[in-house]
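Here's a quick briefing to read alongside the model. Have the sequence and the 3D view open, and we'll go through them topic by topic.

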Amino acid sequence: MPRLTTRPPRMYRDRGRAYVKIDGQRVGLGPWASAEARETYDRLIAEWLANGRKLPEPTDADEPVTVTEVCVEYVKHARQKRDARDVDHIEPALRIARQLYGSEPAESFGPKRLRIVRQQMIDKGLARSTINKRVKWVRAAFRWAASHELVSERIHRRLDTVEPLRRGDGGRETERVKPVPRPDIRRTRRLVPQPVRGLIDLQLLTGARADELVRLRAVDIDMSDQVWIYRPENHKTAYAGKTRMIYFGPRARRLLQQFILLRPLDAPIFSPKQANSEAARRRGSKGRRPNQKPNPKKSDRTLGDGYTTASYGRAIRNACKRAKVDTWGPHRLRHNAATFLRREFGIEVASIILGHSSLAITQTYAEQDEKKAREVIAKVG
């Protein structure tokens with residue numbers, strides 16, 4: 001049986017010259033015991049290890065890297081290193097650049113062409129904020145390409161000179177996202193299934209993102225103290241090595257205990273199957289004979305073990321229509337929590353609980369408390 005080894009191939013001597021055998025190839029390094037041979041060997045082994053113990057594919061210096069190759073390689077990198085939600089924004093951001101300049105050398109993609117790509121986004125009717133984000137991802141792709149020596153550094157530096165669109169420069173203007181009015185929450189909440197009602201209440205109590213709570217399982221919660229703690233493995237800033245902590249106080253604990261008792265410990269706490277059973281109980285067996293066959297299924301869709309952000313949002317939107325209130329989604333509940341936390345405990349505490357990396361982000365979530373401002377001005381003004 002062959003002996004397995006994890007050591008890199010050795011340098012050996014043949015007629016006063018240094019060589020190494022990698023992947024069945026004999027590679028010359030230079031004169032034996034010379035600094036040149038040692039440097040070449042170290043570089044070759046480092047590239048071999050970095051490439052998964054394979055020699056890198058030889059590149060043809062006459063074939064320039066194209067814009068399409070930069071975009072494709074960056075998306076591959078993003079799928080491995082970044083959050084899946086980022087990838088959903090990166091791909092459409094690079095699509096127009098590929099359509100217009102995909103076959104051209106990446107070295108020719110400068111500020112003028114980036115502005116043409118941006119104008120295409122404006123012509124498509126995208127919001128100004130969306131356009132600025134997508135242009136940022138295009139610049140990020142070329143910055144990554146420069147760091148991997150696919151393009152020269154001057155390319156991404158020139159692209160960084162393109163300033164973001166300001167109000168009036170182009171792009172559709174959108175209204176700022178605001179908290180959901182409390183009466184709308186109350187009217188909608190009455191018409192959603194119990195698990196969705198629990199998710200709504202838990203978002204208001206914790207300020208957590210919808211995708212963090214729909215995956216929540218009992219085994220993921222640290223219940224060793226009065227304040228329970230949930231550390232989701234996958235979250236928005238996980239790619240940057242940051243830890244996300246969601247805290248459950250007394251009211252959130254009581255809410256969770258109602259659902260934990262009904263579900264296996266390793267299953268999502270909030271389940272659409274539970275909602276389906278609840279609806280079946282409300283309907284009862286009225287109008288169906290004991291031996292009557294069930295109605296044929298209208299589609300191949302099946303209920304999952306837990307909610308997704310899409311199904312959670314869909315349940316809320318359907319209830320909004322029945323309640324005859326303006327449609328709102330789960331993400332706006334985070335704005336409600338941010339506004340309350342900032343008003344009661346200050347922006348720094350709100351930033352920690354919401355998991356923001358900067359206070360500026362919390363500012364965009366929390367509405368200014370005009371009542372407090374009016375009280376102060378009434379006293380000092």
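Does G171 count as buried, partly exposed or exposed, and why? G171 counts as partly exposed, because its relative accessibility is 25%, and a residue has to come in under 20% to be called buried. Keep in mind that this is a predicted model. The protein has 16 helices and six strands, and 38% of its 381 residues count as buried.

**Overall picture**
- About 24,700 Å² of the protein's surface is accessible, and carbon and sulfur atoms hold 49% of that.
- Take the contacts in the protein with a separation of 6 or more: 61% of them are between residues 24 or more positions apart.

**Around G171**
- G171 sits in the loop that runs between α6 (153–159) and α7 (182–189).
- Leaving out residues up to four places away in sequence, G171 touches I122, L126, R128 and I131.
- Q119 is 52 residues from G171 along the chain, yet their C-alpha atoms are separated by 8.8 Å.

**The sheet β1-β2-β3**
- This one is an open sheet of three strands, in the order β1-β2-β3, with antiparallel pairing.
- β1 (11–14) and β3 (25–31) are at the edges with a single partner strand each, so one side of each has no neighbour in the sheet.
- On average, and ignoring direction, neighbouring strands here are turned by 35° against each other.
- Helix α1 (residues 35–50) packs on this sheet and touches β1, β2 and β3, with its direction at about 145° to that of β3.
- β1 and β2 (residues 17–22) run antiparallel and are joined by four bridges; in β2, V20 is the bridge partner of M11.

**The sheet β4-β5-β6**
- Here, too, you'll find an open sheet of three strands, ordered β4-β5-β6 and paired antiparallel.
- The edge strands are β4 (221–222) and β6, and each pairs on one side only.
- Three bridges hold β5 and β6 together in the antiparallel sense, and W228 has F248 in β6 as its bridge partner.
- α10 lies across β4, β5 and β6, and it runs at about 70° to β5.

**Nonpolar cores**
- As background, nonpolar side chains in soluble globular proteins tend to be buried together.
- The largest nonpolar core has 36 residues, and I200, F248 and L256 touch the most other members.
- Elements giving two or more residues to this core are α8 (194–206), α9 (210–214), β5 (228–230), β6 (246–248), α10 (250–260) and α12.
- α12 supplies the largest share of this core, with six residues.
- Another core lies apart from that one; it has 34 residues, among them C71, I90, A97 and F109.
- Back to I200: not counting neighbours within four places in sequence, I200 is in contact with I185, V192, Y312, I316, W328 and L333.

**R314 in α12**
- Where does R314 lie? R314 is part of helix α12 (residues 309–323).
- R314 counts as partly exposed, because its relative accessibility is 36%, and a residue has to be over 50% to count as exposed.
- The C-alpha atoms of R314 and P330 are separated by 9.6 Å, with the two residues 16 apart along the chain.

Notes. Residues numbered from 1 in each chain as written. Predicted model: local features only at pLDDT ≥ 70, side-chain atom pairs only at ≥ 80, totals over all residues. Heavy atoms only, no water. Pairing = 2+ DSSP bridges. Axes fitted to C-alpha atoms, helices over the stretch in contact; angles between N-to-C directions. Contact = heavy atoms within 4.5 Å. Buried < 20%, exposed > 50% of the residue type's maximum accessible area, 1.4 Å probe, protein only. Areas by Shrake-Rupley, 256 points an atom, 1.4 Å probe, with all protein chains shown as cover. Core = buried A, V, L, I, M, F, W, Y, C linked by side-chain atoms within 4.5 Å.
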